[in-house]
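Let's take a look at a protein model together and pick out a few spots in its backbone and packing.

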Amino acid sequence: MAENQSKAAALRPSRPRAFWAWGAATALLAFVLDQATKWWVLTDLMNPPQVIPITPFFNLVLGRNRGVTFGLLAADHPAAPWLLSSMALVIIVVLLVWMVRDRRPGVAASLGFIVGGALGNVVDRMRHGAVTDFLDFHAAGYHWPAFNLADTAIFVGVALLLLTSGRIEPAGAGTTDPVLRAEP
């Protein structure tokens with residue numbers, strides 16, 4: 001009987017793998033939605049480029065960001081997209097390692113949003129030399145810099161990470177090291 005239980009336990013996915021899958025699914029969702037909306041904007045909506053008022057405070061526009069957040073590190077040098085993409089890929093690898101090692105589903109989902117958004121922007125840089133932005137919010141004549149769904153996924157991921165990583169888990173539940181967990 002004990003032998004059957006150990007075989008069944010071996011066939012079940014481990015908890016870290018389940019959380020890894022949760023984070024990977026979140027990353028895939030963020031990436032696919034970002035790429036689909038950018039494709040729609042570039043091929044249909046902004047052909048030709050225009051400003052489309054949606055509400056008194058929101059427009060759809062076509063923007064190209066050659067830098068990172070708010071255009072920081074923007075450069076017209078041909079190596080700039082490669083440098084920024086390389087930096088983003090290093091950060092993505094670090095986040096993926098964190099995602100695999102952490103056993104909290106909220107953290108995995110948060111990191112998944114960040115990874116999916118970052119990958120979406122890396123693909124844009126490699127394909128177009130810049131990130132495609134199209135969401136334009138404004139008020140009283142002031143415009144927030146245009147952004148996209150990848151940027152939104154990164155923001156949501158960071159906000160969720162701040163909310164979930166500070167939560168205190170029950171003893172042993174959030175520990176990533178099985179040696180430190182008390183086994184009954």
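Here is a short tour of some helices, loops and backbone angles.

Keep in mind that this is a predicted model, where local features need pLDDT of at least 70, side-chain atom pairs count only at pLDDT 80 or more, and totals for chains, interfaces and linings use all residues. Residues are numbered from 1 along each chain as its sequence is written, and side-chain values use heavy atoms, with hydrogens and water left out.

Helices (H or I, at least four residues) and strands (E, at least two) are DSSP runs, numbered from the N terminus. Start with helix 4, which covers residues 105-128. Its 24 residues should span 34 Å at 1.5 Å a residue, where the expected span is 1.5 Å times one less than the number of residues. The end C-alpha atoms are 34 Å apart, so the two values agree.

Now for some backbone angles:

| Place | Angle |
|---|---|
| Gly 129, just after helix 4 | positive phi, about 80 degrees |
| Ala 140, not a glycine | positive phi, about 50 degrees |
| Asn 47 to Pro 48, cis peptide bond | omega near 10 degrees |

Pro 48 sits in the loop between helix 2 (15-45) and strand 1 (52-55). Ala 140 is in the loop between strand 3 (131-139) and strand 4 (142-143).

Is Ala 140 buried or exposed? Ala 140 counts as exposed because its relative accessibility is 76% (buried is under 20% relative accessible area, exposed over 50%, partly exposed in between, with a 1.4 Å probe and protein chains only).

Thr 164, in helix 5 (residues 149-165), is buried, with a relative accessible area of 16%. Leaving aside residues up to four places away in sequence, Thr 164 touches Arg 104, Gly 106, Val 107 and Ser 110 (contact means heavy atoms within 4.5 Å).
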